[in-house]
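Subject: Structure handover and notes

Hello,

Here is the structure I said I would pass on. Please open it alongside this email, and my notes come after it.

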Amino acid sequence: MDSEATQLQQAQLAAILGPDPAPFETLISHLMSTSNEQRSQAEIIFNLCKQTDPNSLALKLAHLLQFSPHVEGRAMSAILLRKQLTRDDSYVWPRLSPATQSSLKSIFLACIQREEAKTIIKKLCDTVSELASGILPDNGWPELLPFMFQCVSSDSPKLQESAFLIFAQLSQYIGENLIPHIKHLHAVFLQCLTSSSNSDVKIAALSAVINFIQCLTNSSDRDRFQDLLPAMMRTLTEALNGGNEATAQEALELLIELAGTEPRFLRRQLVDVVGSMLQIAEAETLEEGTRHLAIEFVITLAEARERAPGMMRKLPQFISRLFAILMKMLLDIEDDPAWHSAETEDEEAGETSNYSVGQECLDRLSIALGGNTIVPVASEQLPAYLAAPEWQKHHAALIALAQIAEGCSKVMVKNLEQVVNMVLNSFQDPHPRVRWAAINAIGQLSTDLGPDLQVQYHQRVLPALAASMDDFQNPRVQAHAASAVLNFSENCTPDILTPYLDGIVSKLLVLLQNGKQMVQEGALTALASVADSSQEHFQKYYDAVMPYLKAILMNATDKSNRMLRAKAMECISLVGMAVGKEKFREDAKQVMEVLMSLQGSQMESDDPTTSYMLQAWARLCKCLGQDFLPYMSFVMQPLLQSAQLKPDVTITSADSDNEADESDDDSMETITLGDKRIGIKTSVLEEKATACNMLCCYADELKEGFFPWIDQVAPTLVPLLKFYFHEEVRKAAVSAMPELLRSAKLAVEKGLAQGRNESYVKQLSDYIVPALVEALHKEPDTEICASMLDALNECIQLSGPLLGESQVRSIVDEIKQVITASSSRKRERAERAKAEDFDAEEGELLKEENEQEEEVFDQVGEILGTLIKTFKASFLPFFDELSSYLTPMWGKDKTAEERRIAICIFDDVAEQCRETALKYYDTFLPFLFEACNDENPDVRQAAVYGLGVCAEFGGSVFKPLVGEALSRLNVVIRDPNALQAENIMAYDNAVSALGKICQFHRDSIDSAQVVPAWLSCLPIKGDLIEAKVVHDQLCSMVEMSDREILGPNNQYLPKIVSVFAEVLCAGKDLATEQTASRMINLLRQLQQTLPPATLASTWSSLQPQQQLALQSILS
């Protein structure tokens, strides 16, 4: 900056911070200006003042706060001071002199006493709380708490309210610093809540109490505050009795927060509290907003599963009352003509806010409490609604059924007959909105109660939907019937659907030619879904359907038809995938021409075509395979653009007042993080997620053909492993990682990598693997953690020895972290199970959550297996580090799945590291022996397999244990249920292990007993991998004329021949081709060398079809 300008600025600053107040006031008014230009100039100067002379700036602001006659000026200075005192980039407190600091503190407290304007007092309290939260913990403001206690006991409602507002914020920021004053605070809160007559003071006190209770970590501290609950509730009831609903709503919002974070605080007085809330919800004289909040409170308690499992299920009488309230809200619906004449399916004319709250809350309530609680209540209340004359009541009952289906699915599936009858009887209702609701219910039930509903009731549901498609008077009913066909067929197998296809497809073709666009769109979606579910069975309709679909694609060009054309693309691509490349090839070319010209045209940002087109291209690729490659250069650029979309984010402060205008907007999703509210445009996120999924599809489908795009795709997707705004984006990025590596590896192996060699694969692996490990470290979602581990495992398999030691080190460290995190989640769940109201349903949900945890352990086992197979003995130092994490998994208190995984890891070490693994036998074999007789067949299988491995590679270390091993294997093999389906794998592996003992430890066993015992178990047919090993071993023994296998006087020969016969008759399943041809040679030799009598008796012991098969094999 040149010196003249600098001098000018310095003069400006000197004037602003000088004795004359006018220039500073002008600057502040410019900061509030509506003109962007003026405001940004002022911001630059303000920041310069802050850099050069923070003391003067702070004191100037404080002077304005005290003496400015303008409310806006005082408000602005309170806000600006708060910003300077917030501990972030703009924090100036440490740069201020002690004198300035001291002045500010006393000015703030003086202003709280002097200021009259309510809005400014609130802002001042924010500023004081912000500063105090930074300096109070280090005793930087000893005057503050005495001042606040003094305010509370003064007789000024304004001061009382201010003190409580500050207490509320300090409890949130630095609650632990208030805990020493718990006795005093309890007395103050109780005094105010019971005796203050000022509603603002009471609400501020209520807020302070609730925030303070939430900061208490110790339950006995929380119990101290139990006696405040009646007074807290009275704040609410008094406000309502005084007709002061705005205050009541504030109180309700605070109590909802308490219900969400500390539900157990309410437990002892639950009956009174919930009773009062339901009374409010039932009071029709109150405003809707108040009643909705009371309902929200009760639902929040029901949803507080983590913190108070099972608590609300103990109050069946209240659940019944709440259900009745919600049913009544569903009646608040009008038969608005706009609903019938609507152009789109999402027109909800006639639905009120009561109706939508009722609908949403039924869904949430049933998910929170489950079917055992809700279904009895619904069965009691719904019949009266269905029997009543008013259409609204029929409609309400059907909507309710659809809403509770997700939460009650397990119980409703058991009463399907009753549920289906209720709904199908309404298909003939005279009122179209009731028929619509019945179709809607069938659609929802197809999703939530499938596939049971489809299997048991297809013969009633599909004809009913087909009949509804003929309702030409009511296009909304027709369109909805088509979309219910979609829900039904998504959960349906081709064999159920095929018999109905003639009827359904011909009706859908009629609807395609309907004048109403909504009906055409419904028909397209239904056709797409039916084709997708019936696959090759759809071929016979292809020639009838495709011309209509192409016509829509070519002709639906104006803006009002955008969605229609998009759905036609979807339908064409799904039909193409269903019927296959041969049938679709010619039309595919034409369709791709249209898509290419469309893609080249300018589209508006809200045009649905883009996202549908991305998906259609990917399906066309799946259908055409490598034939799609010529189109890739055309598809990839726009696809990458969509994948690289930046989320459209708006950030506001969480306590700002602009909630109302955002919350109703479906296209925005809001997340609250700390004190910021983040709004994100969902359409952008969805397009991004679709694009990422499609990239993954292309890499998966085209394999090495995808190579040319890896350099652009990898840097796009790798950073998205940590895209926390949207799960689908992360999931897609995770799935794509191994696909990219595989594509690169195959391209290099097949010489299609444009001159690049293995070092490129290593470079890619060095980019992807650490990124996956780091993302795994930060991933909040258990299910995605499991997918990340799975992807990491595939990447390790692909990279193999290309991984450097530091990579392996970071993977191992992350595995330790994953095991620790998973164990602590399990511990938290076990804690939850100790809650006083914990019941069977909570137990069921806990089991489901723990099963997801098993998925994580499973993947850990897989990764360790892969690392052991890849690096063999050089991995053992890492294995030693991990052993303290893995040994606990063998414990009796662990789940069968964890024990199985621990055993498999040891099996891998023993098998891959052979003599270097012998040092682990002492530690692990006792576990292995015990696990051979575990009640879980999968654990047994892993254990007996391990014994086989140790028998093969254990040499002299295993020798002394042979006796113990035999008796353990004997128990498995002799078990009377050994050959049942669930036990067969354990049995086969035990037989294989016994064979290994015969082979490697013949001198330690009574072979005349053991070898024939082994032979008598053959052939094995369950575990096809072990079968090939075992039958090959038998072959070798016979080739060596092993005395024990042939038996005295060749007495076991008939058994051996019958084993060979069974194995050979089974085709390639039970033996490799090489083993089979050795068996055939042996049988030919026997034919030549054995005496005819022996041969004849051997032959006669075979079953007739085996004799025939052998004759044809040997001839």
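The notes below start with the whole chain and then go through selected places in it.

Overall picture

Please keep in mind that this is a predicted model. The protein has 1115 residues, and 54% of them count as buried. Its secondary structure consists of 55 helices and three strands. The C-alpha trace spans about 125 × 75 × 70 Å along its principal axes. Taking contacts between residues at least 6 apart in sequence, 72% of them join residues at least 24 apart.

Helices H38 and H39

One helix pair I looked at is H38, residues 758-778, with H39, residues 782-799. Their axes come within 10 Å and cross at roughly 155°. Angles over 145 degrees count as roughly antiparallel, and H38 and H39 are therefore roughly antiparallel to each other. The crossing of H38 and H39 is left-handed. On the H38 side, the contact is made by Ser765, Ile768, Val769, Leu772, Val773, Ala775 and Leu776. H39 contributes Cys785, Met788, Leu789, Ala791, Leu792, Cys795 and Ser799. Sorted by class, the contact of H38 with H39 has 12 nonpolar residues, two polar ones and no charged ones.

The loop before H38 also has an entry in my notes. Gln754 sits there, between helix H37 (727-749) and H38. Its phi is near 50°, a positive value in a residue other than glycine. Gln754 is exposed, with a relative accessible area of 59%.

Helix H8

Helix H8 covers residues 144-153 and is mostly covered, with seven of its 10 residues buried. Those buried residues are Leu144, Leu145, Phe147, Met148, Phe149, Cys151 and Val152. What do they pack against? The partners are four helices: H6 (98-114), H7 (118-135), H9 (157-174) and H10 (182-195).

Helix H41 and the loop after it

Glu841 is placed in helix H41. Is Glu841 buried or exposed? Glu841 is buried, with a relative accessible area of 17%. Leaving out residues up to four places away in sequence, Glu841 touches Arg313, Leu369, Gly370, Gly371, Asn372 and Thr373.

Helix H41 spans 840-871, and Lys872 lies in the loop between it and helix H42 (876-886). Lys872 has a phi near 45°, again a positive value in a residue other than glycine. Its relative accessibility is 35%, and Lys872 counts as partly exposed.

Ile973 and its surroundings

Ile973 belongs to helix H47, residues 962-974. At 10% relative accessibility, Ile973 is classed as buried. Which residues does Ile973 touch, not counting those up to four places away in sequence? They are Ala978, Tyr987, Ala990, Val991, Leu994 and Cys1017. The C-alpha atoms of Ile973 and Trp1014 are 9.7 Å apart, and these two residues are separated by 41 residues along the chain.

Cis peptide bonds

Two cis peptide bonds are in my notes, and each has a proline as its second residue.

- Gly450 and Pro451 are joined by a cis peptide bond with omega at about -5°. Pro451 is in the loop between helix H23 (432-448) and helix H24 (452-468).
- Leu1018 and Pro1019 are joined by a cis peptide bond, with omega about -5°. Pro1019 is in the loop between helix H49 (1007-1016) and helix H50 (1024-1039).

Cysteines

A disulfide is a covalent bond between the sulfur atoms of two cysteines. How many disulfides are there? With a cut-off of 2.5 Å between the sulfur atoms, the count comes to zero. Two cysteines serve as examples.

- Why is Cys492 without a bond to another cysteine? The closest cysteine sulfur, in Cys571, is 17 Å from the sulfur of Cys492, which is too far for a bond. Cys492 is buried, with a relative accessible area of 11%.
- Cys1065 is in no disulfide either, and the nearest cysteine sulfur, that of Cys1035, is 15 Å away. Cys1065 is partly exposed, with a relative accessible area of 41%.

That is the end of my notes.

Regards

Conventions. Residues numbered from 1 in each chain as written. Predicted model: local features only at pLDDT ≥ 70, side-chain atom pairs only at ≥ 80, totals over all residues. Heavy atoms only, no water. Axes fitted to C-alpha atoms, helices over the stretch in contact; angles between N-to-C directions. Helix = DSSP H or I, 4+ residues; strand = E, 2+ residues; numbered from the N terminus. Parallel < 35°, antiparallel > 145°, perpendicular 65-115°, else oblique. Left-handed = near helix turned anticlockwise from the far one by under 90°. Contact = heavy atoms within 4.5 Å. Nonpolar A, V, L, I, M, F, W, Y, C, P; charged D, E, K, R; others polar. Buried < 20%, exposed > 50% of the residue type's maximum accessible area, 1.4 Å probe, protein only.
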